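Subject: A structure to look at

Dear colleague,

I am passing on a structure for you to look through at your own pace. Please open it first, and then read the notes below beside it.

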Amino acid sequence: MKNYLLSLFNDTSAALPYLNEIDILFDVPKQDSHGDLSTNAAMMLTKKLHKNPRQIAEEIISNLKTDDSVIYKIEIAGPGFINFFFTPAFIAQIIKNIFAEDKDFGKSKLFEGKKANVEFVSANPTGPLTVGHGRNAVVGDTVANLLEWVGYEVDREYYFNNAGRQMRVLGDSVKQRYLQLLGQDVEFPADYYQGEYIKEIAQQLLDEHGNKLVDEPVEGLFKQRAESIIFNDIKESLARLSIKHKIFFNENSLYEDGKIDELLKLFKQKELSYEKDGAVWMKFLELGSEQDKVIVKSSGEPTYRLPDIAYHREKLERGYDLLVDLFGSDHISTYPDVLAGVKALGFDPEKIKVLIHQFVTILDQGEVVKMSTRKANFITLDQLVDEAGADVVRYFFNMRNINTHMNFDLSLAKKQSDENPVFYLQYAHARICSILKMIEKEELKSSTENLHLLTCDEEQQLLRKIHLFKAEVLYSAQNFETHRICFYLEELAASFHKFYTFCRILGTEKPLAEARVALASATKIVLRNGLSILGVTAPERM
RNA sequence: GCCCCGGUAGCUCAGUAGGAUAGAGCGUCGGUCUCCUAAACCGUAGGUCGGAGGUUCGAAUCCUCUCCGGGGUACCA
């Protein structure tokens with residue numbers, strides 16, 4: 001519908017050149033009585049033309065060459081909106097497109113030929129994924145899906161660090177537990193990893209090696225085994241949510257490949273860094289940040305900024321058109337430095353899109369659960385999936401704008417009641433599947449021959465909703481907003497349920513009945529496609 | 001102190017390139033299964049869009065100030 005109007009206005013701009021001076025936008029009015037699409041173009045032009053908006057609207061309309069079989073009414077309303085009313089027959093034609101495109105309905109080619117990299121999760125292997133990681137994981141994977149739907153070729157990437165203090169503490173935590181299991185009275189520091197999983201790893205080492213590891217260095221088997229076990233668990237947790245990264249990038253490889261030294265030299269050579277108090281400082285002030293910062297400590301160890309910049313440089317050199325970074329708001333301070341660093345190296349920082357999601361607050365029976373990986377006082381992602389199911393978890397994290405500090409009510413998630421909208425969507429899909437089974441017995445089929453019969457309110461509402469799908473996917477992808485898909489699908493399902501209730505198939509004359517089957521079938525495709533973007537299953541029956 | 005995010009119905013949240021009477025789900029209250037799945041549908045009630053100014057034909061949306069909550073502001077990541 002929108003495309004039709006756009007080309008219509010495009011043709012008209014020859015006669016009315018001022019139409020080229022503004023972006024003409026069409027909105028779906030909140031009220032049905034205001035038509036199918038509406039534009040405020042006339043109001044936008046009042047200041048330029050110094051004319052009454054209704055007068056301008058009049059002029060625009062009289063120059064539009066519309067086809068009566070497509071648009072049956074154009075009106076001027078309110079302060080100067082132009083409202084367009086499409087014929088039911090035209091609206092129903094969308095069903096043919098859906099059948100033709102099927103699994104691809106909703107996809108667009110705007111970014112065809114472009115390559116994107118989405119980096120997400122990126123938790124170091126020090127413990128199981130928590131609920132906070134869950135939000136990151138689900139949103140990251142769904143954003144990647146969205147980008148694929150608008151034409152990008154997408155790589156999903158996981159960046160991790162298995163060196164450094166954090167990992168040493170992890171190894172030592174295991175060792176201390178191991179010694180405790182051997183009956184030694186060792187002290188277990190409060191800032192070590194307290195989780196039960198540490199004890200399990202220690203137990204496993206004990207089972208395999210007995211007491212032979214007493215003199216094993218922390219960095220040896222203790223750390224290695226902990227890392228591999230934990231990393232496997234992480235991958236399994238992600239797999240339960242159908243999340244699979246193509247690339248696991250080890251921060252350490254940047255050191256091994258000399259990328260860090262090279263970058264350091266480059267910064268020095270470009271006079272972007274200097275030495276002070278035994279440390280190397282980066283001139284972030286010059287690059288637009290609020291102050292200079294240390295990139296190599298006086299101990300000789302780089303701070304996180306240096307590898308972060310080297311890593312992004314590396315990704316850019318791989319030739320991506322778009323890099324998406326997704327992380328929690330606790331890491332918010334890292335990205336301006338990375339962008340400044342990358343820009344100083346001559347890359348276009350516009351290629352990097354940083355998405356920051358706010359924290360997840362866990363509520364259990366009305367109480368806030370405070371979480372910390374160290375203290376092992378956390379709800380794991382696995383627990384969440386155990387209790388609520390993968391579909392609910394994926395839907396739940398996707399359904400909210402990442403800027404919102406979301407509450408995850410555990411008791412509610414456990415309930416799996418109809419308070420959860422994911423069932424509402426899945427039920428709509430299951431209902432359609434059941435209709436399609438039923439019509440076989442009734443010797444009916446899906447037919448697009450008499451789509452013009454789909455004229456009642458419920459049918460038209462549903463059709464209009466379907467029309468919006470492709471634009472909704474595109475908008476969501478361009479704005480990296482997964483929650484819009486959820487809201488769209490809820491509206492779509494609501495339209496369907498209404499249609500289901502009022503527009504029965506059995507007991508209706510065959511031509512109309514078969515057109516309704518076609519509409520149901522088309523709705524099924526849109527629901528299934530939308531759910532697949534979210535990574536939620538579309539069950540045949542419930 | 002400074003920076004980022006949030007404050008919209010009882011609860012959880014949509015809605016910001018300024019637009020028509022501010023929305024949804026859940027919860028409240030009241031209806032609908034002889035009928036393709038009632039995990040559904042219909043109706044009802046519920047609001048000072050945190051507060052105060054300002055910009056204009058028009059502000060939840062833009063500007064200034066301010067209150068509340070979360071995060072950040074390291075030679076931690």
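In what follows, a residue counts as near a strand if one of its heavy atoms lies within 4 Å of it. Please keep in mind that this is a predicted model.

I began with the surroundings of RNA strand B. Of the atoms of RNA strand B within 4 Å of the protein, 58% belong to sugar or phosphate, while the rest belong to bases. There are 54 residues around the strand, and those that come nearest are Phe-81, Lys-297, Arg-400, Tyr-427 and Ser-434. Sorted by class, this surface has 23 nonpolar, 20 polar and eleven charged residues.

Some individual contacts can be followed by eye. A polar side-chain atom of Asn-83 lies 3.0 Å from a base nitrogen of RNA strand B, and a backbone N or O atom of Ser-298 lies 2.8 Å from a base oxygen of the strand. His-483, in turn, places a polar side-chain atom 3.0 Å from a phosphate oxygen of RNA strand B. The elements that give two or more residues to this surface are β4 (81-86), β15 (406-409), α18 (421-441) and α21 (483-502).

I then turned to a pair of helices. The axes of α19 (residues 457-467) and α22 (residues 510-534) come within 11 Å and cross at roughly 35°, and the crossing is left-handed. From α19 the contact is made by Glu-459, Leu-462, Leu-463 and Ile-466, and from α22 by Leu-512, Arg-516, Leu-519, Thr-523 and Val-526. By class, that contact has six nonpolar, one polar and two charged residues.

With best wishes

Methods: Residues numbered from 1 in each chain as written. Chains lettered and ligands numbered in written order. Predicted model: local features only at pLDDT ≥ 70, side-chain atom pairs only at ≥ 80, totals over all residues. Heavy atoms only, no water. Polar contact = N/O pair within 3.5 Å; in protein donor to acceptor, adjacent residues only side chain to side chain. Helix = DSSP H or I, 4+ residues; strand = E, 2+ residues; numbered from the N terminus. Nonpolar A, V, L, I, M, F, W, Y, C, P; charged D, E, K, R; others polar. Axes fitted to C-alpha atoms, helices over the stretch in contact; angles between N-to-C directions. Left-handed = near helix turned anticlockwise from the far one by under 90°. Contact = heavy atoms within 4.5 Å.
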